[in-house]
Amino acid sequence: MGPILIVTESTASGITDSTKECVGKAKELAKVLGTSTVALGFGPGAADRLRRLDVNKVIAAEDGDFAVYNPAVCENALVQVVTETAPFLTMIPNTTMGLDLGAGLAGRNNIPLIAYCSDLQEQDGKITAVSQVFAGKLLARVPVPGDGAIVTVLPGSWSAGEEAGDPVVETLSGDYSSRMRVIRVIEPEKGDVDITKADILISVGRGIESPDNLPLADELAEAMGGVVSCSRPVVDAGWLPKARQVGKSGQTVKPKLYLACGISGAPEHLQGMRDADLIIAVNTDEEASIMEAAHFGTTVDMLDLMPVLAERLRGG
Amino acid sequence: MRVAVLLKAVPDLVEELVLDEESGSLQYDEMSYVPSEWDDQALEEALILKEESGAQVTAIAVSTGDVDTMLFTALAKGADHVVKITGDFDASMSNWQQARVLSDYVREQDFDMVLSGVQAIDDVDGQIPGLVAGFLNWPHASVVTEVRMGGNSKILLRQEYSGGLVAEIEVESPVVIGVQAARKPPRYASVAKVRQVAKSVAIEEVSAGAPAGPAFADIQFVRPVAAGRAEMIEGDVDAVADRIVQILADHNLLRRA
């Protein structure tokens, strides 16, 4: 059986939690399956960062083409590594990188892919992947074929593997260039408020229906001493600025209270707010995924509730 | 610049997902379908590109069910041409198989750019744009929020990362792009306009064989166990508001006057 390959991801603050979660799970599975673990990392300093991981081997792609993350260049390198090491499982965090590399690798190397994986379960030497699909409304239990698979893993699926290891370190050299070139990476614009610093967030989703209803959220936020944040569709519609977005491609928040109004709770959104101390969800669909993450829920209409709640909090 | 936009229909989450709880199989014939919302974003970005730089836009769907309305709607919004790939297909067709069929067609047609939704709600076996790019061996970027023509026939993209970081990317065609969101909300085509288009323009039909490739045996769907399910607050708006105030008080979250 081939090794378990983890495609790692780092940010300015180091190796990401979702990478460490994959490392921890890979080690557990490798022990049961009698195989080894390999971590692949991209970018300057990858060897030094990755040599602390609890894996058997590290492959670092550091030079030239890897100065900044370039999806096509990294895919070229990954294709080569997978061709040479023939991993049983290739685990990639389901971030932009996972969406770039997972399916591309699957298509190029003809390896089946299991997307949005939230667990890998072993029984009698066989692995079943659990995937969150249909916006979290269903789980798919997918038997990993005997020849293995690629899995793109939702952040937060397992606890992070924090133990230090002593891996063999290899560096990758070769020509992985592509017709694709990264011109520059732009830091996020600073918004009028920093939602990551707020203790109370009143977060609105599609249920707000129209920008005309946003004053209701503003008034409630004012009455609660909180700040208005939102889910992706509200930003895409141009109703609130990007700096207010919670979720995978927005901000990760951990307020004392997250009041989710008209938010369905797609996995990408939950990724950004599930660690809030208290989550109250207002959604007319009792089956909405947000109810799985929330401590309290109600199915009354958010547009009716917001002004009444604001009035109560003002002492009315 | 010839742009292909790959569209697919997915189960409508507003309706119930119909599941045979015993076998764990989805009852595809008993569900209603809507265009995947991210594909709608991809179509919009392609139409913006057409308006800006005269790109020719072809919307393509695999006939996994009734995709005609989706294609006529694309025409009504401004696509130049629509193609339906027909064969022995149904709504249970995997993404892998659809991507195979789509990539075979794209390869034959000399497109410069392929846009599709970065993901869909039913992508168990991978996302269409990445798979298509892999089969074609073309460069690919996902989570893209802007596609423009640059100088020297190069294509400029904006790709988003977590935390709000954005990369500006330049690429020579051909390329496959997974669109997260268009620069503007998707335009609307009225039912009347879609009907009118359906009467005057034909969908090009292209037949394809059943694609080979790895398939997962025995995928079982289950409803998530309500492990940490919310405690539901019952009653009308007034009762719910009172209870929320009480919860906030219990958690010491009431604003001190």
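# Exercises on a two-chain model

In chain A, strands β1 (residues 4–7) and β4 (residues 37–42) run parallel, joined by four bridges. This is a predicted model: local features need pLDDT of at least 70, side-chain atom pairs count only at pLDDT 80 or more, and totals for chains, interfaces and linings use all residues. Residues are numbered from 1 along each chain as its sequence is written, with chains lettered from A and ligands numbered from 1 in the order in which they are written.

**Exercise 1. Place β1(A) and β4(A) in their sheet, and find the helix that lies across both.**

Step 1. Fix the register: Ile6(A) stands opposite Ala39(A) in β4(A).

Step 2. Walk the open sheet. Its 10 strands have the order β11(A)-β5(A)-β4(A)-β1(A)-β6(A)-β10(A)-β7(A)-β8(A)-β9(A)-β14(B), and the pairing is mixed. Strands pair if DSSP finds at least two bridges between them. Helices (H or I, at least four residues) and strands (E, at least two) are DSSP runs, numbered from the N terminus.

Step 3. Find the edges. They are β11 (168–171) of chain A and β14 of chain B, each pairing on one side only. From one strand to the next, the twist averages 30 degrees.

Step 4. Add the helices. α3 (residues 71–85) of chain A lies across β1, β4, β5 (57–61) and β6 (89–93) of chain A, at about 160 degrees to β4(A). α4 (residues 96–109) of chain A lies across β1, β6, β7 (113–123) and β10 (149–153) of chain A, at about 155 degrees to β6(A). Axes are lines fitted to C-alpha atoms, for helices over the stretch in contact; angles run from 0 to 180 degrees between N-to-C directions.

**Exercise 2. Describe the side of chain B that touches chain A.**

Step 1. Count. 70 residues of chain B are in contact with 72 residues of chain A. Contact means C-beta atoms, placed from the backbone, within 7 Å.

Step 2. Assign elements. Those giving two or more residues include α4 (128–136), β9 (140–149) and α6 (237–250) of chain B. The largest share, eight residues, comes from α6(B).

Step 3. Sort by class. There are 39 nonpolar, 17 polar and 14 charged residues on this side. Nonpolar covers Ala, Val, Leu, Ile, Met, Phe, Trp, Tyr, Cys and Pro; charged covers Asp, Glu, Lys and Arg; the others, Gly among them, are polar.

Step 4. Check strand pairing across the chains. β12 (residues 180–186) of chain A pairs with β11(B) in the antiparallel sense over six bridges. Val182(A) has Ile169(B) as its bridge partner.

**Exercise 3. Work out how α9(A) packs against α6(B).**

Step 1. Read the geometry. α9 (residues 302–313) of chain A meets α6(B) at an angle of about 50 degrees, with the axes 9 Å apart.

Step 2. Classify. The two helices are therefore oblique to each other. Under 35 degrees is roughly parallel, over 145 roughly antiparallel, 65 to 115 roughly perpendicular, and the rest oblique.

Step 3. List partners. Leu305(A), Val308(A) and Leu309(A) are among the α9(A) residues in this contact, and Val237(B), Ala241(B) and Ile244(B) are among those of α6(B). By class, the contact has nine nonpolar, no polar and four charged residues.

**Exercise 4. Is α4(B) mostly covered or uncovered?**

Step 1. Count. Nine of its nine residues are buried, so α4(B) is mostly covered. Buried means 20 or more other C-beta atoms within 10 Å of a residue's own, with C-beta atoms placed from the backbone.

Step 2. Identify the cover. It includes α4 of chain A, together with β1 (2–7) and α3 (95–109) among the chain B elements.

Step 3. Look past the end. Just after α4(B), Asn137(B) takes a positive phi of about 60 degrees.

Key:
Two residues are in contact if their C-beta atoms, placed from the backbone, lie within 7 Å. A residue is buried if 20 or more other C-beta atoms lie within 10 Å of its own, exposed if 12 or fewer, and partly exposed in between; C-beta atoms are placed from the backbone.
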